[in-house]
Amino acid sequence: MDKNSGDQKDQILLRQLKDILLSEDRADIKALQDTLESYDLLSAHVSPIVKDHLQSFRNNYPEEFRKIVAHLIEERAKRTEESIGLINALIDDKAQLSEKVSPIVVDHIENLKQNFPKEFTIVIDKQIETKLKGSQDEILNIITPVLGKLIRKSIAHQFQMLKESIDRKIKSTFSKQGFFGRLFKSQRKNSEEILSEMDPVIIEEVYVIQRDSGLLIGSASKEKTLDQDMIAGMFTAIKAFVEDAFKRKNEELEMIEYDHYRIFIQNFYSYYIAVAMSGSISASEKGQIANRLYDFAESELKQIPADINDSLNSRISEKLKNYFFDTEQVLKSA
Amino acid sequence: MISKKIILTGSFGVGKTSLFNKFIYNKFDEKYLTTIGVKVNKKVITIDEKEVSLLLWDIAGEVSQDKIPNSYFLGSSGIIYVFDLTRPSTYKNIVKDIDYLKNITDEAIIKVVGNKSDLIDAEKLNEVRNTIMQPWDIITSAKTGENVTELFHSLGKAFIQ
Ligand SMILES: Nc1nc2c(ncn2[C@@H]2O[C@H](COP(=O)(O)OP(=O)(O)OP(=O)(O)O)[C@@H](O)[C@H]2O)c(=O)[nH]1
Ligand SMILES: [Mg+2]
C-alpha cells in the first residue's frame, strides 16, 4: 500500500469521524429544539426575567455564577467523553479494516484517540471563556438550552401558583355579594339540589355597553355588585377575544355560560346588551328575553351619543331598572 | 363626567401591568407575572376641576402589535405604547408598531413611553435616544413612580379639550 492511498484513506476516516461527531451534536441540538419548541411562547414570556435574574445573579454572586458555568463545562465535557467512547467502540469494531489500512493511519487514529478529549476540552474551554467575556446575549445562548428544562419546570410551577391564586381570588372577591358571588360559588351545588329548586329564570343584571370601547352606557342589577364599569370592560374583552379567536366575520358571541348561570348577549349597531341570568333557561325563554331586549332598545336606546358621560349613564340605568327590576314577574309580562 | 378607554400595549415584560398597578393602586412589585388575556380597571381623575373616568385595558404583551386582536383597540381614545429602555428588543419594531397602530385607529391619541428609567443613567439614556427611530413622549418608572401620574393625566387633559 503506497503512501498516497494511505493518506486518502486517512482523509476518509477523518471525515467519517467528523460526521459521527457532528451527527451526535446535531441530534442533541434537535432534541433540545424539540423540547423547547412547544414552550417557545412561554419561554418568550419568561426570557426577560431569566435575563434580568441572570444579570443580577451574575453581579451579586459572581462566585456562584462561575461555579454554574464551570459545572456546565464539566457536563459538556462528560458528554464529549461519552461521544468519544462511542467513536472508539466504532473504531475498534472496524479493527479488521484498520489492519488493512496503512500503519500511518492507525497511528493517526491512535494519536487522535489519545489526544482528542484533551484537545477538544481545551477548545471548548477556550470558546466558553471567550464567550463569557463577550456579550450577555451569547452567554445566554450557551446557557439557554440547559436552562430550558429549568425554565419549563419553573413555568409549570408558576402556572400552578397562578391558577391557585386565581382560584383563591375568585373565591374571595366574588363570594361577597350579588350575582358574581353566586356565579362562582355555585359549583358545589349538586345536581339534586339544582333539580329540586327547579330554578325559574331570574334576570340578575343588565348592562348596555358601547360595542367597540366596552364603555358602560347604563346598567341595573337586583343586588349591588362589583364595579360595573370594569365588568362591562371585561365582557367586551372576552367578546373581542372570542370573536377574534374564531375569526368569524358575521357571527358574534351570544352567550357566555358558567355552570347554570348565563350571560346572554344581544348585539345592536353601536352597543350591545348583556343580561346575566340565573336559573335554567329554555329556548322559548331565551326568545322572550331577546324580544324584551329588542323592545327596550327600540323605545329607549334610539339615540345613543358616541360620547358617554354620567348623565347618560344615570338616565339609561334608571330606565333599565324600571324596565327589568321594578316588576316582579319579569318574564311572565313579556 | 366622561368615560374614556385607554389601552396599554407593547412587548412583553416592558412594565405595562406595573404602570397600571402603580397608577391605580400606587403599588409596585418586582415579581413578573405575565398578563394572560386582558385586565380591565378603572380610575377617575380630576383635571381642571373636571372628572374623567379612565377605563384602562392592560393586555398581554406581544413582540409585534399585529398579533393583538384588532378589536381590542376599537373605541379606544388613548393608546399607551410602552417599551423597556433597558431592552433593545422591545423597541426594535417600534416604527412599524406605531405605524400599524395609527392605521387601525383613527382618533386615538398615541403616547410612546420608555419605561424602567430607574435602571438607566443619563449617558445610557442618551445612547437609546440616539439609536431609537421613534421619538418618545415621556419616560417613566413604575418602580419609583416617576412620571406615572403625569402620563395618565396628560391623556386625561387631551380628552377634555
Ligand atoms: N426596575 C424596574 N422594573 C420594572 C419597572 N416596570 C416594570 N418592572 C419589572 O419588569 C417586569 C415586568 O413587568 P410587567 O409590568 O409585568 O410587564 P408587562 O409589560 O405587563 O408584561 P406582559 O404582561 O408579559 O406583557 C416585572 O418584574 C416588573 O417588576 C420599572 O419601571 N423599573
Ligand atoms: Mg402585564
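## Exercises: ligand 1 and the sheet of chain B

Helix H1 (residues 16–25) of chain B gives the largest share of the shell around ligand 1, 3 residues; helices (H or I, at least four residues) and strands (E, at least two) are DSSP runs numbered from the N terminus. This is a predicted model, in which local features need pLDDT of at least 70 and side-chain atom pairs pLDDT 80 or more, while totals for chains, interfaces and linings use all residues. Residues are numbered from 1 along each chain, chains are lettered from A and ligands numbered from 1 as written, and side-chain values use heavy atoms, without hydrogens and water.

**Exercise 1.** Find where ligand 1 lies and how many residues surround it.

*Solution.*
- Start with the chains: ligand 1 sits between A and B.
- Next, count the residues near ligand 1 (a heavy atom within 4 Å): there are 24, and Ser18(B) and Asp29(B) are among the closest.

**Exercise 2.** Look for polar contacts of ligand 1, meaning pairs of N or O atoms within 3.5 Å.

*Solution.*
- Try the side chain of Lys16(B): one of its N or O atoms is 2.8 Å from an oxygen atom of ligand 1.
- Move to the backbone: Thr35(B) has an N or O atom 2.8 Å from a ligand 1 oxygen.
- Then check cover: the protein covers 95% of the 650 Å² of accessible area that ligand 1 has on its own (Shrake-Rupley method, 1.4 Å probe).

**Exercise 3.** Trace the sheet of chain B and its edges.

*Solution.*
- Follow the order E2-E3-E1-E4-E5-E6 in chain B: 6 strands form an open sheet with mixed pairing, where two strands pair if DSSP finds at least two bridges between them.
- Now the edges: E2 (38–47) and E6 (138–139) of chain B each pair on one side only.
- Finally, E2(B) joins E3 (residues 50–59) of chain B in the antiparallel sense over 10 bridges.

How values were computed
Polar contact = N/O pair within 3.5 Å; in protein donor to acceptor, adjacent residues only side chain to side chain.
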